[in-house]
Amino acid sequence: MQLTSFFSAERRDLSLVAVDFFQKSKMTLRLNDSVLAIDPHRKVVRSARYKEVPYDKLVLATGSYPFVPPVTGRDRRDCFVYRTTRISR
């Protein structure tokens with residue numbers, strides 16, 4: 001598959017799971033919320049937005065940042081690396 005074609009798709013098309021995956025799996029997905037503390041004994045996460053959230057199993061998806069070589073123009077608004085999924089038009 002050509003990466004350029006793949007990343008020009010709608011953002012929802014880039015998901016690795018079906019739209020109702022989390023609901024059917026009885027999982028809660030929380031995005032854009034900083035974790036302040038994890039209490040593994042009480043099985044509770046304290047976050048910036050939701051305060052204390054109990055959990056049965058906890059997945060930490062910390063993300064990553066791609067390396068961009070020091071080339072002219074890399075800081076331009078319309079310069080993307082292949083990990084970027086926000087495409088402005």
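Biologist: In what order do the elements of the protein run from the N terminus on?

Modeller: The order is α-α-β-β-β, which amounts to 2 helices and 3 strands in the protein. The names rest on DSSP runs: a helix is a run of H or I with at least four residues, a strand is a run of E with at least two, and both are numbered from the N terminus. This is a predicted model, in which local features need pLDDT of at least 70 and side-chain atom pairs count only at pLDDT 80 or more, whereas totals for chains, interfaces and linings use all residues. Residues are numbered from 1 along each chain as its sequence is written, and side-chain values use heavy atoms, with hydrogens and water left out.

Biologist: What makes β2 and β3 a pair of strands, and in which sense do they run?

Modeller: Two strands pair if DSSP finds at least two bridges between them. Strand β2 (residues 44-47) and β3 share 4 bridges, so the condition of at least two is met, and the sense is antiparallel. One of the residues involved is Val44, whose bridge partner in β3 is Pro54. The two strands form a hairpin with 3 residues between them.

Biologist: Why are β1 and β3 said to stand at the edges of the sheet?

Modeller: The sheet is open, has 3 strands in the order β1-β2-β3, and is paired in the antiparallel sense. β1 (35-39) and β3 (51-54) each have a single partner strand, so one side of each has no neighbour in the sheet. On average, neighbouring strands of this sheet are turned by 20° against each other, direction ignored; for such angles, axes are lines fitted to C-alpha atoms (for helices over the stretch in contact), and angles run from 0 to 180 degrees between N-to-C directions.

Biologist: Why is Ser47 of strand β2 placed in its accessibility class, and which class is it?

Modeller: Buried means under 20% relative accessible area, exposed means over 50%, and partly exposed lies in between (1.4 Å probe, protein chains only). Ser47 has a relative accessible area of 5%, and is therefore buried. Of the 89 residues of the protein, 9% count as buried.

Biologist: How do you know that the side chain of Ser47 makes a polar contact with Tyr50?

Modeller: A polar atom of the Ser47 side chain lies 3.0 Å from the backbone nitrogen of Tyr50. A polar contact is a pair of N or O atoms within 3.5 Å; within protein, one must be able to donate a hydrogen and the other to accept it, and residues adjacent in sequence count only if both atoms are side-chain atoms. The distance of 3.0 Å is within that limit, so the pair qualifies. Ser25, in the loop between α2 and β1, offers another case: its side chain reaches the backbone oxygen of Phe21 at 2.8 Å.

Biologist: What makes the contact between Lys24 and Asp20 a salt bridge?

Modeller: The term requires a side-chain nitrogen of Lys or Arg within 4 Å of a carboxyl oxygen of Asp or Glu. For Lys24 and Asp20 the N to O distance is 3.2 Å, so the pair meets the definition. Lys24 is exposed, at 64% relative accessibility, whereas Asp20 is partly exposed, at 30%.

Biologist: Which residues are linked in a network of salt bridges?

Modeller: The network links Asp39, Arg42 and Glu52. Asp39 and Arg42 meet at 3.7 Å, N to O, while the closest N and O atoms of Arg42 and Glu52 are 2.8 Å apart. Arg42 lies in the loop between β1 and β2 and Glu52 in strand β3, so this pair ties together parts that are 10 residues apart in sequence. Asp39, at 25%, is partly exposed, and Glu52 is partly exposed at 42%. A search of the whole structure finds 3 salt bridges.

Biologist: Which residues make the nonpolar surface patch, and what is its area?

Modeller: Leu16, Val17, Phe21 and Met27 make a patch of about 400 Å². Patches are made of residues with over 30% relative accessible area and no salt bridge; like charges are joined within 9 Å, and nonpolar side chains (Val, Leu, Ile, Met, Phe, Trp, Tyr) within 5 Å. The areas come from the Shrake-Rupley method with a 1.4 Å probe, and for residues only the protein chains shown count as cover. Phe21, found in helix α2 (residues 21-24), is partly exposed at 31% relative accessibility, so this residue passes the limit of over 30%.
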